[in-house]
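Subject: Handover of a structure, with findings

Dear colleague,

Please find the structure below, handed over for your use. My notes on its helices, strands and core follow.

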Amino acid sequence: AARRESDVLACGVERLQDERREAAARRDERLATLAANLERLSREVSVTPMGPALRVTVPEKLVVRDRGGSLTELGSTLVSLLAGAAADLPSSSLVVVAGGKVSTEALRQAAAREKAPGDRLFSHVREKEPRAELLLIAP
């Protein structure tokens with residue numbers, strides 16, 4: 001009986017390991033596709049894969065109009081793609097960093113409108129930073 005229980009547990013562990021490997025492969029494929037799509041938006045968009053994460057940087061003036069809080073077309077598209085990925089990847093988080101509070105909040109609100117889960121959406125103001133940074137973390 002103990003041998004049978006051990007076999008059942010071993011099968012369960014093996015199944016869970018297979019599921020994790022498949023989920024990691026799907027995540028990696030999703031991130032690679034997203035990176036390629038983001039890089040096509042503009043040559044000013046810099047996408048850096050960092051393991052199970054993507055770091056996207058772009059001059060803030062190209063995503064937010066005059067720090068006034070409204071997004072440019074590029075900014076809207078960028079946020080839409082990243083927020084969609086954050087919503088698709090169950091354990092992911094999206095971090096928004098910009099040089100002003102208004103810009104940071106505009107990017108954060110746009111991501112929330114695009115269905116990025118609010119409990120996994122974070123923002124940070126980095127004073128006098130000329131670049132906006134969006135970090136999608138998908139462990």
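Helix H1 has 40 residues, and from its first C-alpha to its last it reaches 59 Å, close to the 58 Å expected at 1.5 Å a residue. Please bear in mind that this is a predicted model. The buried residues of H1 are Gly12, Arg27, Leu31, Leu34, Ala35 and Leu38. They pack against S1, S2, H2 and S5.

After H1 comes a loop that leads to strand S1 (46–49), and Ser42 is found in this loop. Is Ser42 buried or exposed? With a relative accessibility of 18%, Ser42 counts as buried, because the cut-off for buried is under 20%. A polar atom of the Ser42 side chain lies 3.0 Å from the backbone nitrogen of Glu44.

Next, the strands. Strand S5 covers residues 131–137, and 5 of its 7 residues are buried, so S5 is largely enclosed by the rest of the structure. Strand S2 (residues 53–59) is joined to S5 by 7 bridges, and the two run antiparallel. In this pairing, Leu54 stands opposite Leu136 of S5. Strand S3 (residues 93–98) also runs antiparallel to S5, with 5 bridges between them. Here the bridge partner of Val97 is Glu133 in S5.

The largest nonpolar core holds 33 residues, of which Val56, Leu78, Leu82, Leu107 and Leu136 touch the most other members. Two or more residues each come from H1, S2, helix H2 (73–88), S3, helix H3 (101–113) and S5. Which element gives the most to this core? That is H2, with 7 residues. Leu136, which stands opposite Leu54 in the pairing described above, is thus named again among the core residues with the most contacts to other members.

Leu107 deserves a separate entry. Leaving aside neighbours within four places in sequence, Leu107 is in contact with Val64, Leu71, Val79, Val96, Ala98 and Ala132.

Leu107 is also one of the buried residues of H3, together with Ser103, Thr104, Ala106, Ala110 and Ala111. Why do these residues lie on the same side of H3? They cover an arc of only 160° around the axis, which puts them on the same side of the helix. The background is that an α-helix has 3.6 residues a turn, so residues three or four places apart point the same way. What covers the buried residues of H3 includes H2, S3, strand S4 (121–125) and S5. On the face of H3 turned away from its buried side are the exposed residues Lys101 and Arg113. As to length, the 13 residues of H3 should span 18 Å at 1.5 Å a residue, and its end C-alpha atoms are 18 Å apart, which agrees.

One residue after H3 may interest you for its backbone geometry. Lys115 is placed in the loop between H3 and S4. Its phi is near 80°, a positive value in a residue other than glycine. Lys115 is exposed, because its relative accessible area is 63% and the cut-off for exposed is over 50%.

Yours sincerely

Methods:
Residues are numbered from 1 along each chain as its sequence is written. This is a predicted model: local features need pLDDT of at least 70, side-chain atom pairs count only at pLDDT 80 or more; totals for chains, interfaces and linings use all residues. Side-chain values use heavy atoms; hydrogens and water are left out. Helices (H or I, at least four residues) and strands (E, at least two) are DSSP runs, numbered from the N terminus. Buried means under 20% relative accessible area, exposed over 50%, partly exposed in between (1.4 Å probe, protein chains only). A polar contact is a pair of N or O atoms within 3.5 Å; within protein, one must be able to donate a hydrogen and the other to accept it, and residues adjacent in sequence count only if both atoms are side-chain atoms. Two strands pair if DSSP finds at least two bridges between them. A nonpolar core is a set of buried Ala, Val, Leu, Ile, Met, Phe, Trp, Tyr and Cys residues joined through side-chain atoms within 4.5 Å. Contact means heavy atoms within 4.5 Å. The expected span of a helix is 1.5 Å times one less than its number of residues. The arc is that of the directions from the helix axis to the C-beta atoms.
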